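Me: I've got a protein model to look at and I'm new to this. Can we go through it in questions and answers?

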Amino acid sequence: MKEKIIFILKNRINELGFFDDNIILEIPKNKENGDYSTNIALKNCKKINMNPMELAHKIIENINDEDIKEIQVAQPGFINFFLKKDYLIDNINNILQLKENYGRNNFGNNEKVNIEFVSANPTGILHMGNARGGAYGDSLARIMSFCGFDVTKEYYMNDAGSQITKLANSVYSRYLTLCGIDNEFPENGYPGKEIYDIAEKLYNEFGKKYVDNDFEFIKEYSTKYLTDKIFEHLKEYRIEYDVITSEKSILNKYSFNDTIEKMRKNGYIYEKDGAIWFKSSELYDDKDHVLIKNDGTNTYLLPDILYHEDKILRGFTQIIDVLGTDHHGYVARLKSAIKALGLNDEYIDVKLLQLVRIIQNKEVVTMHKRTGKIITLKDLMEDTSVNAVRYYFSKYSLDTQMDFDIDLARSSSNDNQVYYICYAYARICSIINKYNKPIEKINNYSTIDGDSAYNLLACLYKFPDVVKSACTKKLPHIISNYSYELATLFHNYYEKNKIICEDELKTKENLNLIYAVKITLYNSLNLIGVIPKERM
(Lines give C-alpha, C1' and ligand atoms only; values in the text may rest on other atoms or scores of the structure.)
Protein backbone atom coordinates (compact mmCIF):
# COMPACT_ATOMS: atom_id res chain seq x y z
CA MET A 1 0.00 0.00 0.00
CA LYS A 2 2.84 2.39 0.82
CA GLU A 3 4.43 1.91 -2.61
CA LYS A 4 1.02 2.35 -4.23
CA ILE A 5 0.44 5.73 -2.55
CA ILE A 6 3.95 6.89 -3.46
CA PHE A 7 3.26 5.90 -7.08
CA ILE A 8 0.00 7.89 -7.02
CA LEU A 9 1.78 10.92 -5.57
CA LYS A 10 4.54 10.78 -8.19
CA ASN A 11 1.96 10.78 -10.96
CA ARG A 12 0.12 13.74 -9.43
CA ILE A 13 3.19 15.95 -9.00
CA ASN A 14 4.35 15.07 -12.51
CA GLU A 15 1.00 16.33 -13.74
CA LEU A 16 1.63 19.54 -11.79
CA GLY A 17 4.99 19.97 -13.52
CA PHE A 18 7.57 19.07 -10.88
CA PHE A 19 9.38 15.99 -9.61
CA ASP A 20 10.48 14.50 -6.29
CA ASP A 21 12.57 11.31 -6.30
CA ASN A 22 12.44 10.97 -2.51
CA ILE A 23 8.80 11.07 -1.45
CA ILE A 24 8.61 10.37 2.28
CA LEU A 25 5.52 8.55 3.50
CA GLU A 26 5.42 8.06 7.28
CA ILE A 27 3.10 6.15 9.59
CA PRO A 28 1.84 8.81 12.07
CA LYS A 29 2.11 8.06 15.77
CA ASN A 30 -1.22 9.82 16.28
CA LYS A 31 -3.96 7.79 14.57
CA GLU A 32 -5.96 11.00 14.07
CA ASN A 33 -3.40 11.92 11.40
CA GLY A 34 -4.30 8.91 9.28
CA ASP A 35 -2.63 5.66 8.30
CA TYR A 36 0.04 7.44 6.24
CA SER A 37 1.23 11.03 6.07
CA THR A 38 3.54 12.94 3.73
CA ASN A 39 5.28 16.32 3.80
CA ILE A 40 5.61 16.43 0.00
CA ALA A 41 3.83 19.80 -0.26
CA LEU A 42 6.08 21.38 2.39
CA LYS A 43 9.18 20.10 0.59
CA ASN A 44 8.24 21.28 -2.87
CA CYS A 45 6.14 24.43 -2.44
CA LYS A 46 9.00 26.79 -3.31
CA LYS A 47 9.63 24.98 -6.60
CA ILE A 48 6.34 26.22 -8.03
CA ASN A 49 5.92 29.37 -5.95
CA MET A 50 2.85 28.18 -4.05
CA ASN A 51 2.14 28.04 -0.32
CA PRO A 52 2.22 24.49 1.12
CA MET A 53 -1.48 24.31 2.04
CA GLU A 54 -2.51 25.37 -1.45
CA LEU A 55 -0.10 22.90 -3.05
CA ALA A 56 -1.31 20.08 -0.78
CA HIS A 57 -4.90 20.65 -1.93
CA LYS A 58 -3.74 20.73 -5.55
CA ILE A 59 -1.92 17.43 -5.13
CA ILE A 60 -4.90 15.55 -3.69
CA GLU A 61 -7.28 16.75 -6.42
CA ASN A 62 -8.58 13.85 -8.52
CA ILE A 63 -6.92 11.16 -6.38
CA ASN A 64 -9.50 8.39 -6.37
CA ASP A 65 -8.42 4.92 -5.30
CA GLU A 66 -10.50 1.99 -4.07
CA ASP A 67 -8.24 1.44 -1.05
CA ILE A 68 -8.23 5.07 0.11
CA LYS A 69 -11.16 6.03 2.32
CA GLU A 70 -10.28 9.72 2.83
CA ILE A 71 -7.47 12.23 2.27
CA GLN A 72 -7.06 15.24 4.56
CA VAL A 73 -4.78 18.27 4.42
CA ALA A 74 -3.46 19.42 7.80
CA GLN A 75 -1.47 22.51 8.82
CA PRO A 76 1.08 23.56 7.81
CA GLY A 77 0.75 21.40 4.68
CA PHE A 78 0.76 17.70 5.53
CA ILE A 79 -1.30 15.28 3.47
CA ASN A 80 -2.88 12.50 5.56
CA PHE A 81 -4.27 9.31 4.03
CA PHE A 82 -7.01 7.27 5.71
CA LEU A 83 -7.33 3.82 4.22
CA LYS A 84 -10.22 1.42 3.98
CA LYS A 85 -9.84 -1.54 6.31
CA ASP A 86 -10.48 -4.32 3.78
CA TYR A 87 -6.81 -4.55 2.85
CA LEU A 88 -5.95 -5.09 6.54
CA ILE A 89 -8.36 -8.01 6.78
CA ASP A 90 -7.11 -9.50 3.52
CA ASN A 91 -3.57 -9.46 4.91
CA ILE A 92 -4.42 -12.19 7.44
CA ASN A 93 -4.53 -14.83 4.71
CA ASN A 94 -1.41 -13.35 3.15
CA ILE A 95 0.51 -13.87 6.41
CA LEU A 96 -0.88 -17.38 6.89
CA GLN A 97 0.27 -18.30 3.39
CA LEU A 98 3.75 -16.71 3.55
CA LYS A 99 4.49 -17.83 7.13
CA GLU A 100 8.27 -17.51 7.77
CA ASN A 101 8.61 -15.47 4.58
CA TYR A 102 6.17 -12.76 5.66
CA GLY A 103 8.10 -9.48 5.58
CA ARG A 104 10.84 -10.88 3.33
CA ASN A 105 11.70 -8.88 0.21
CA ASN A 106 14.33 -8.64 -2.52
CA PHE A 107 15.23 -5.01 -1.87
CA GLY A 108 18.95 -5.87 -1.75
CA ASN A 109 18.97 -7.53 -5.16
CA ASN A 110 21.75 -9.89 -4.02
CA GLU A 111 24.26 -7.07 -3.46
CA LYS A 112 27.34 -8.37 -1.66
CA VAL A 113 27.60 -7.03 1.91
CA ASN A 114 30.32 -7.74 4.45
CA ILE A 115 29.52 -7.13 8.10
CA GLU A 116 32.47 -7.44 10.46
CA PHE A 117 31.60 -7.30 14.14
CA VAL A 118 32.95 -8.22 17.58
CA SER A 119 36.45 -9.10 16.20
CA ALA A 120 37.81 -8.98 19.74
CA ASN A 121 41.53 -9.57 20.19
CA PRO A 122 42.06 -13.11 21.50
CA THR A 123 43.50 -11.75 24.73
CA GLY A 124 40.49 -12.14 27.00
CA ILE A 125 36.88 -13.26 27.33
CA LEU A 126 34.14 -11.29 25.55
CA HIS A 127 32.70 -8.45 27.61
CA MET A 128 29.48 -6.42 27.47
CA GLY A 129 30.79 -4.06 24.76
CA ASN A 130 31.35 -7.11 22.58
CA ALA A 131 27.84 -8.24 23.51
CA ARG A 132 26.31 -5.02 22.24
CA GLY A 133 28.33 -5.00 19.03
CA GLY A 134 27.54 -8.67 18.50
CA ALA A 135 23.79 -8.14 18.88
CA TYR A 136 23.89 -5.22 16.44
CA GLY A 137 26.06 -6.91 13.81
CA ASP A 138 24.25 -10.24 13.82
CA SER A 139 20.79 -8.61 13.85
CA LEU A 140 21.74 -6.34 10.96
CA ALA A 141 23.04 -9.36 9.02
CA ARG A 142 19.75 -11.19 9.60
CA ILE A 143 17.71 -8.16 8.52
CA MET A 144 19.76 -7.47 5.39
CA SER A 145 19.68 -11.14 4.38
CA PHE A 146 15.89 -11.09 4.88
CA CYS A 147 15.83 -8.14 2.47
CA GLY A 148 17.69 -9.92 -0.30
CA PHE A 149 21.30 -8.88 0.32
CA ASP A 150 24.09 -11.44 -0.04
CA VAL A 151 25.52 -10.99 3.46
CA THR A 152 28.79 -12.36 4.79
CA LYS A 153 29.32 -12.21 8.56
CA GLU A 154 33.02 -11.92 9.24
CA TYR A 155 35.29 -12.05 12.27
CA TYR A 156 38.78 -10.56 12.01
CA MET A 157 41.27 -12.30 14.25
CA ASN A 158 44.11 -10.03 15.38
CA ASP A 159 46.59 -12.85 15.90
CA ALA A 160 49.83 -11.22 14.72
CA GLY A 161 50.23 -8.08 16.78
CA SER A 162 51.97 -7.01 19.98
CA GLN A 163 48.87 -7.84 22.04
CA ILE A 164 49.47 -11.56 21.40
CA THR A 165 53.02 -11.19 22.70
CA LYS A 166 51.64 -9.45 25.79
CA LEU A 167 49.15 -12.31 26.23
CA ALA A 168 51.88 -14.95 26.07
CA ASN A 169 54.04 -13.03 28.56
CA SER A 170 51.09 -12.76 30.97
CA VAL A 171 50.31 -16.47 30.76
CA TYR A 172 53.99 -17.40 31.11
CA SER A 173 54.27 -15.31 34.27
CA ARG A 174 51.28 -17.05 35.89
CA TYR A 175 52.61 -20.42 34.70
CA LEU A 176 55.98 -19.80 36.36
CA THR A 177 54.18 -18.94 39.60
CA LEU A 178 52.32 -22.27 39.45
CA CYS A 179 55.68 -23.96 38.89
CA GLY A 180 56.91 -22.37 42.14
CA ILE A 181 59.20 -19.90 40.39
CA ASP A 182 59.17 -16.29 41.60
CA ASN A 183 58.76 -13.75 38.84
CA GLU A 184 57.47 -10.26 38.24
CA PHE A 185 54.19 -9.99 36.36
CA PRO A 186 54.75 -7.97 33.16
CA GLU A 187 53.90 -4.29 33.28
CA ASN A 188 50.54 -3.73 31.52
CA GLY A 189 50.03 -7.50 31.34
CA TYR A 190 46.52 -8.97 31.09
CA PRO A 191 45.17 -9.59 34.61
CA GLY A 192 41.91 -11.43 33.85
CA LYS A 193 40.87 -14.72 35.45
CA GLU A 194 41.17 -16.39 32.06
CA ILE A 195 44.97 -15.81 32.17
CA TYR A 196 45.12 -17.89 35.36
CA ASP A 197 42.89 -20.52 33.72
CA ILE A 198 45.23 -20.85 30.73
CA ALA A 199 48.31 -21.07 32.94
CA GLU A 200 46.65 -23.68 35.13
CA LYS A 201 45.60 -25.74 32.12
CA LEU A 202 49.14 -25.50 30.74
CA TYR A 203 50.61 -26.61 34.07
CA ASN A 204 48.11 -29.48 34.50
CA GLU A 205 48.86 -30.79 31.01
CA PHE A 206 52.62 -30.30 30.83
CA GLY A 207 53.90 -29.75 34.35
CA LYS A 208 57.17 -27.76 34.31
CA LYS A 209 58.02 -28.60 30.69
CA TYR A 210 57.81 -24.98 29.51
CA VAL A 211 59.63 -23.14 32.33
CA ASP A 212 62.39 -22.32 29.84
CA ASN A 213 59.73 -20.50 27.79
CA ASP A 214 59.00 -22.07 24.42
CA PHE A 215 57.47 -18.74 23.58
CA GLU A 216 55.85 -19.65 20.23
CA PHE A 217 54.14 -22.66 21.78
CA ILE A 218 52.80 -20.63 24.72
CA LYS A 219 51.62 -17.94 22.31
CA GLU A 220 49.74 -20.44 20.12
CA TYR A 221 48.41 -22.39 23.14
CA SER A 222 47.06 -19.23 24.80
CA THR A 223 45.59 -17.82 21.59
CA LYS A 224 43.81 -21.08 20.78
CA TYR A 225 42.38 -21.36 24.30
CA LEU A 226 40.89 -17.87 24.17
CA THR A 227 39.76 -18.17 20.56
CA ASP A 228 37.88 -21.37 21.39
CA LYS A 229 36.25 -19.65 24.37
CA ILE A 230 35.27 -16.61 22.29
CA PHE A 231 33.52 -18.68 19.62
CA GLU A 232 31.95 -20.99 22.21
CA HIS A 233 30.34 -17.99 23.90
CA LEU A 234 29.35 -16.42 20.57
CA LYS A 235 27.63 -19.62 19.49
CA GLU A 236 25.69 -19.65 22.75
CA TYR A 237 24.82 -16.02 21.96
CA ARG A 238 23.36 -17.28 18.63
CA ILE A 239 26.15 -15.82 16.52
CA GLU A 240 27.97 -17.93 13.96
CA TYR A 241 30.27 -16.49 11.31
CA ASP A 242 30.55 -17.22 7.61
CA VAL A 243 34.22 -16.22 7.47
CA ILE A 244 36.98 -15.94 10.07
CA THR A 245 39.95 -14.01 8.69
CA SER A 246 43.23 -13.96 10.57
CA GLU A 247 45.67 -11.08 10.48
CA LYS A 248 48.41 -13.63 9.77
CA SER A 249 46.62 -14.76 6.60
CA ILE A 250 46.34 -11.18 5.36
CA LEU A 251 50.05 -10.57 5.98
CA ASN A 252 50.88 -13.75 4.07
CA LYS A 253 48.57 -12.85 1.20
CA TYR A 254 49.62 -9.24 0.60
CA SER A 255 52.78 -7.14 0.63
CA PHE A 256 53.19 -3.97 2.65
CA ASN A 257 55.49 -2.64 -0.05
CA ASP A 258 52.94 -3.19 -2.82
CA THR A 259 50.25 -1.33 -0.90
CA ILE A 260 52.57 1.53 0.00
CA GLU A 261 53.71 1.83 -3.63
CA LYS A 262 50.10 2.08 -4.81
CA MET A 263 49.52 4.90 -2.34
CA ARG A 264 52.84 6.52 -3.28
CA LYS A 265 51.91 6.42 -6.97
CA ASN A 266 48.69 8.26 -6.14
CA GLY A 267 50.63 10.93 -4.25
CA TYR A 268 49.81 10.02 -0.66
CA ILE A 269 53.14 8.71 0.72
CA TYR A 270 56.18 10.62 1.96
CA GLU A 271 59.16 9.92 4.18
CA LYS A 272 60.16 11.89 7.26
CA ASP A 273 62.58 11.16 10.14
CA GLY A 274 63.27 7.72 8.71
CA ALA A 275 59.59 6.72 8.77
CA ILE A 276 57.06 6.22 5.96
CA TRP A 277 54.05 8.48 6.34
CA PHE A 278 50.52 8.40 4.90
CA LYS A 279 49.38 11.85 3.78
CA SER A 280 45.82 11.31 5.07
CA SER A 281 45.35 14.99 5.96
CA GLU A 282 44.88 15.70 2.26
CA LEU A 283 41.80 13.48 2.27
CA TYR A 284 39.41 13.04 5.23
CA ASP A 285 41.74 13.05 8.24
CA ASP A 286 42.99 16.00 10.27
CA LYS A 287 46.58 14.74 10.43
CA ASP A 288 49.00 12.35 8.74
CA HIS A 289 49.89 8.90 10.08
CA VAL A 290 52.97 6.70 10.16
CA LEU A 291 52.71 3.39 8.28
CA ILE A 292 56.30 2.15 8.75
CA LYS A 293 58.22 3.37 11.83
CA ASN A 294 61.87 4.38 11.67
CA ASP A 295 62.85 1.01 13.16
CA GLY A 296 61.26 -0.76 10.17
CA THR A 297 58.21 -2.11 12.01
CA ASN A 298 54.70 -1.36 10.84
CA THR A 299 51.95 0.42 12.73
CA TYR A 300 48.60 -1.34 13.24
CA LEU A 301 47.03 0.83 10.53
CA LEU A 302 48.88 -0.84 7.67
CA PRO A 303 47.49 -4.39 8.15
CA ASP A 304 44.02 -2.87 8.53
CA ILE A 305 44.42 -1.12 5.17
CA LEU A 306 45.43 -4.42 3.55
CA TYR A 307 42.48 -6.17 5.18
CA HIS A 308 39.93 -3.68 3.85
CA GLU A 309 41.53 -3.70 0.44
CA ASP A 310 41.08 -7.48 0.55
CA LYS A 311 37.36 -7.08 1.31
CA ILE A 312 36.88 -4.83 -1.71
CA LEU A 313 38.84 -7.23 -3.92
CA ARG A 314 36.50 -10.01 -2.75
CA GLY A 315 33.64 -8.08 -4.40
CA PHE A 316 31.85 -6.47 -1.45
CA THR A 317 30.20 -3.14 -2.24
CA GLN A 318 29.00 -2.55 1.30
CA ILE A 319 31.63 -3.08 4.00
CA ILE A 320 30.19 -2.50 7.47
CA ASP A 321 32.57 -2.44 10.45
CA VAL A 322 31.12 -2.40 13.98
CA LEU A 323 33.65 -0.82 16.33
CA GLY A 324 33.83 0.74 19.78
CA THR A 325 33.40 4.48 20.19
CA ASP A 326 37.12 4.80 20.98
CA HIS A 327 37.74 4.14 17.26
CA HIS A 328 36.06 7.37 16.14
CA GLY A 329 39.34 8.74 14.75
CA TYR A 330 39.87 5.53 12.84
CA VAL A 331 36.95 6.18 10.45
CA ALA A 332 38.52 9.10 8.57
CA ARG A 333 41.88 7.32 8.60
CA LEU A 334 40.49 4.16 7.01
CA LYS A 335 38.35 5.88 4.39
CA SER A 336 41.32 8.06 3.46
CA ALA A 337 43.49 4.99 2.97
CA ILE A 338 40.94 3.28 0.71
CA LYS A 339 40.64 6.42 -1.40
CA ALA A 340 44.44 6.73 -1.54
CA LEU A 341 44.55 3.23 -3.05
CA GLY A 342 42.24 4.41 -5.83
CA LEU A 343 39.31 2.38 -4.48
CA ASN A 344 35.77 3.50 -3.64
CA ASP A 345 35.76 4.71 -0.04
CA GLU A 346 31.94 4.94 -0.13
CA TYR A 347 31.92 1.17 0.27
CA ILE A 348 33.17 1.63 3.85
CA ASP A 349 30.56 2.20 6.57
CA VAL A 350 31.86 2.22 10.15
CA LYS A 351 29.31 1.92 12.96
CA LEU A 352 30.51 3.06 16.40
CA LEU A 353 28.89 1.59 19.48
CA GLN A 354 28.54 3.71 22.57
CA LEU A 355 29.23 2.67 26.16
CA VAL A 356 27.10 0.34 28.24
CA ARG A 357 26.54 0.62 31.98
CA ILE A 358 25.49 -2.41 34.01
CA ILE A 359 22.86 -1.68 36.65
CA GLN A 360 22.15 -4.02 39.55
CA ASN A 361 20.22 -3.27 42.73
CA LYS A 362 19.61 0.18 41.21
CA GLU A 363 23.33 0.93 41.27
CA VAL A 364 25.97 1.09 38.56
CA VAL A 365 28.30 -1.90 38.71
CA THR A 366 31.88 -0.64 38.74
CA MET A 367 34.33 -2.45 36.50
CA HIS A 368 38.08 -2.15 36.07
CA LYS A 369 39.72 -3.66 33.01
CA ARG A 370 43.17 -3.14 34.51
CA THR A 371 42.39 -5.36 37.50
CA GLY A 372 40.41 -7.88 35.45
CA LYS A 373 37.12 -7.06 37.19
CA ILE A 374 34.76 -7.01 34.22
CA ILE A 375 31.34 -8.44 33.42
CA THR A 376 31.61 -10.87 30.54
CA LEU A 377 29.09 -11.85 27.88
CA LYS A 378 28.96 -15.27 29.53
CA ASP A 379 28.11 -13.64 32.87
CA LEU A 380 25.25 -11.68 31.33
CA MET A 381 23.78 -14.73 29.59
CA GLU A 382 23.94 -16.80 32.77
CA ASP A 383 22.63 -14.03 35.05
CA THR A 384 19.67 -13.23 32.78
CA SER A 385 19.07 -15.16 29.52
CA VAL A 386 20.28 -15.15 25.93
CA ASN A 387 16.91 -13.71 24.88
CA ALA A 388 17.22 -10.84 27.34
CA VAL A 389 20.77 -9.96 26.32
CA ARG A 390 19.98 -10.16 22.60
CA TYR A 391 16.81 -8.08 22.99
CA TYR A 392 18.14 -5.31 25.21
CA PHE A 393 21.34 -4.88 23.21
CA SER A 394 19.22 -4.64 20.05
CA LYS A 395 16.65 -2.30 21.59
CA TYR A 396 18.65 0.93 21.46
CA SER A 397 20.32 2.79 18.65
CA LEU A 398 24.01 1.91 18.58
CA ASP A 399 25.07 5.55 18.85
CA THR A 400 23.37 6.10 22.23
CA GLN A 401 24.72 5.14 25.63
CA MET A 402 22.56 2.60 27.41
CA ASP A 403 22.01 0.93 30.76
CA PHE A 404 21.57 -2.82 31.03
CA ASP A 405 19.51 -3.49 34.15
CA ILE A 406 20.25 -7.05 35.25
CA ASP A 407 17.36 -7.18 37.76
CA LEU A 408 14.88 -6.01 35.11
CA ALA A 409 16.25 -8.35 32.45
CA ARG A 410 15.80 -11.43 34.65
CA SER A 411 12.36 -10.47 36.02
CA SER A 412 9.07 -12.12 35.08
CA SER A 413 7.07 -8.92 34.91
CA ASN A 414 5.45 -6.79 32.25
CA ASP A 415 8.11 -4.14 32.87
CA ASN A 416 10.61 -6.55 31.34
CA GLN A 417 9.88 -5.99 27.66
CA VAL A 418 11.42 -9.20 26.38
CA TYR A 419 9.40 -11.20 28.91
CA TYR A 420 6.25 -9.29 27.91
CA ILE A 421 6.84 -10.02 24.22
CA CYS A 422 7.66 -13.69 24.73
CA TYR A 423 4.63 -14.05 27.00
CA ALA A 424 2.44 -12.77 24.14
CA TYR A 425 3.89 -15.47 21.89
CA ALA A 426 3.40 -18.21 24.51
CA ARG A 427 -0.14 -17.04 25.18
CA ILE A 428 -1.01 -17.35 21.47
CA CYS A 429 0.51 -20.84 21.34
CA SER A 430 -1.52 -21.86 24.41
CA ILE A 431 -4.80 -20.67 22.84
CA ILE A 432 -4.09 -22.42 19.53
CA ASN A 433 -3.15 -25.64 21.34
CA LYS A 434 -6.29 -25.43 23.44
CA TYR A 435 -8.47 -25.11 20.31
CA ASN A 436 -6.61 -28.15 18.90
CA LYS A 437 -8.07 -27.95 15.41
CA PRO A 438 -6.38 -27.09 12.07
CA ILE A 439 -6.27 -23.42 11.10
CA GLU A 440 -8.49 -23.03 8.04
CA LYS A 441 -8.40 -20.38 5.33
CA ILE A 442 -11.34 -17.97 5.54
CA ASN A 443 -12.31 -16.02 2.43
CA ASN A 444 -14.53 -13.39 3.99
CA TYR A 445 -13.87 -12.22 7.53
CA SER A 446 -17.11 -10.80 8.90
CA THR A 447 -16.81 -10.80 12.68
CA ILE A 448 -13.50 -9.02 13.29
CA ASP A 449 -14.24 -5.45 14.27
CA GLY A 450 -13.39 -2.72 16.76
CA ASP A 451 -10.39 -0.49 17.44
CA SER A 452 -8.33 -3.16 19.21
CA ALA A 453 -8.67 -5.45 16.18
CA TYR A 454 -7.91 -2.80 13.58
CA ASN A 455 -4.95 -1.45 15.53
CA LEU A 456 -3.56 -4.99 15.66
CA LEU A 457 -4.25 -5.56 11.96
CA ALA A 458 -2.58 -2.26 11.03
CA CYS A 459 0.51 -3.23 13.02
CA LEU A 460 0.66 -6.59 11.23
CA TYR A 461 0.28 -4.91 7.86
CA LYS A 462 3.17 -2.51 8.36
CA PHE A 463 5.70 -5.24 9.22
CA PRO A 464 7.18 -5.46 5.68
CA ASP A 465 7.68 -1.67 5.69
CA VAL A 466 9.27 -1.84 9.14
CA VAL A 467 11.72 -4.52 7.96
CA LYS A 468 12.66 -2.48 4.89
CA SER A 469 13.12 0.65 7.03
CA ALA A 470 15.36 -1.18 9.52
CA CYS A 471 17.42 -2.50 6.60
CA THR A 472 17.70 0.80 4.75
CA LYS A 473 18.64 2.75 7.87
CA LYS A 474 20.75 -0.11 9.30
CA LEU A 475 18.89 0.20 12.60
CA PRO A 476 17.90 -3.15 14.15
CA HIS A 477 16.27 -1.39 17.10
CA ILE A 478 13.37 -0.53 14.74
CA ILE A 479 12.56 -4.26 14.74
CA SER A 480 12.93 -4.56 18.52
CA ASN A 481 10.53 -1.68 19.10
CA TYR A 482 8.09 -3.11 16.56
CA SER A 483 8.06 -6.46 18.37
CA TYR A 484 7.12 -4.72 21.60
CA GLU A 485 4.41 -2.69 19.87
CA LEU A 486 2.90 -5.80 18.27
CA ALA A 487 2.95 -7.71 21.58
CA THR A 488 1.28 -4.76 23.35
CA LEU A 489 -1.49 -4.57 20.74
CA PHE A 490 -2.04 -8.33 20.96
CA HIS A 491 -2.33 -8.22 24.78
CA ASN A 492 -4.82 -5.37 24.39
CA TYR A 493 -6.85 -7.35 21.86
CA TYR A 494 -6.80 -10.42 24.09
CA GLU A 495 -8.06 -8.46 27.09
CA LYS A 496 -10.98 -7.02 25.09
CA ASN A 497 -11.99 -10.07 23.06
CA LYS A 498 -12.79 -13.65 23.94
CA ILE A 499 -10.77 -15.62 21.40
CA ILE A 500 -12.46 -19.01 21.75
CA CYS A 501 -16.19 -18.38 22.15
CA GLU A 502 -19.61 -19.91 21.48
CA ASP A 503 -19.70 -18.48 17.95
CA GLU A 504 -17.68 -20.97 15.87
CA LEU A 505 -17.16 -18.54 12.96
CA LYS A 506 -15.92 -15.78 15.27
CA THR A 507 -13.64 -18.28 17.00
CA LYS A 508 -12.09 -19.35 13.69
CA GLU A 509 -11.57 -15.75 12.58
CA ASN A 510 -10.01 -14.83 15.92
CA LEU A 511 -7.69 -17.82 15.72
CA ASN A 512 -6.58 -16.90 12.21
CA LEU A 513 -5.87 -13.38 13.39
CA ILE A 514 -3.78 -14.44 16.39
CA TYR A 515 -2.02 -17.08 14.30
CA ALA A 516 -0.99 -14.25 11.96
CA VAL A 517 0.29 -12.40 15.03
CA LYS A 518 2.25 -15.49 16.08
CA ILE A 519 3.93 -15.73 12.66
CA THR A 520 4.78 -12.03 12.52
CA LEU A 521 6.01 -11.91 16.11
CA TYR A 522 8.26 -14.90 15.53
CA ASN A 523 9.64 -13.41 12.30
CA SER A 524 10.38 -10.08 13.97
CA LEU A 525 12.07 -11.67 16.98
CA ASN A 526 14.11 -13.99 14.79
CA LEU A 527 15.58 -10.94 13.05
CA ILE A 528 17.10 -9.82 16.36
CA GLY A 529 18.14 -13.29 17.52
CA VAL A 530 15.39 -13.79 20.12
CA ILE A 531 13.77 -17.24 20.20
CA PRO A 532 10.41 -17.25 22.02
CA LYS A 533 9.22 -20.40 23.78
CA GLU A 534 5.77 -21.89 23.24
CA ARG A 535 5.36 -22.39 26.98
CA MET A 536 6.56 -20.12 29.81
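Reply: Sure, and here's a term to start with: helices (H or I, at least four residues) and strands (E, at least two) are DSSP runs, numbered from the N terminus. This is a predicted model, where local features need pLDDT of at least 70, side-chain atom pairs count only at pLDDT 80 or more, and totals for chains, interfaces and linings use all residues. Residues are numbered from 1 along each chain as its sequence is written, and side-chain values use heavy atoms, with hydrogens and water left out.

Me: Where is Phe7, and is it buried or exposed?
Reply: Phe7 belongs to helix H1, which covers residues 2-15. Buried means under 20% relative accessible area, exposed over 50%, and partly exposed in between (1.4 Å probe, protein chains only). Phe7 has a relative accessible area of 52%, so it counts as exposed.

Me: How many helices and strands does the chain have, and what percentage of its residues is buried?
Reply: Going by those DSSP runs, the chain has 20 helices and 15 strands. Its C-alpha atoms fill a box of roughly 85 × 60 × 40 Å along the principal axes. Of the 536 residues, the buried part is 52%.

Me: Which residues have the most contacts inside the largest nonpolar core?
Reply: A nonpolar core is a set of buried Ala, Val, Leu, Ile, Met, Phe, Trp, Tyr and Cys residues joined through side-chain atoms within 4.5 Å. The largest one has 123 residues, and its largest share, 10 residues, comes from helix H16 (residues 417-435). Apart from it lies another core of 19 residues, including Ile250 and Tyr268. Back in the largest core, the residues with the most contacts are Phe81, Tyr237, Phe393 and Phe404.

Me: Which residues does Arg333 touch, leaving aside neighbours within four places in sequence?
Reply: Arg333 sits in helix H12 (residues 328-340). With 15% relative accessibility, Arg333 is buried. Contact means heavy atoms within 4.5 Å, and the partners of Arg333 are Phe278, Asp285, His289, Tyr300 and Leu301.

Me: Why is the pair of Tyr420 and Tyr484 stacked, edge-to-face or tilted?
Reply: Rings of Phe, Tyr and Trp (its six-membered ring) pair if their centres lie within 6.5 Å; planes under 30 degrees apart count as stacked, over 60 as edge-to-face and the rest as tilted. Here the centres are 5.6 Å apart and the planes stand at 50°, so the pair of Tyr420 and Tyr484 is tilted. The pair links distant parts of the chain, with Tyr420 in helix H16 and Tyr484 in helix H19 (residues 477-496), 64 residues apart. Tyr420 is buried at 12% relative accessible area, while Tyr484, at 28%, is partly exposed.

Me: Which peptide bond is cis, with omega near -5°?
Reply: Most residues other than glycine have a negative phi, and most peptide bonds are trans. Pro76 lies in the loop between strand S3 (68-74) and strand S4 (78-83). The cis bond is the one from Gln75 to Pro76.

Me: What is the phi of Lys362?
Reply: Lys362 is in the loop between strand S13 (356-360) and strand S14 (363-364). Its relative accessible area is 80%, so Lys362 is exposed. Although Lys362 is not a glycine, its phi is positive, at about 65°.
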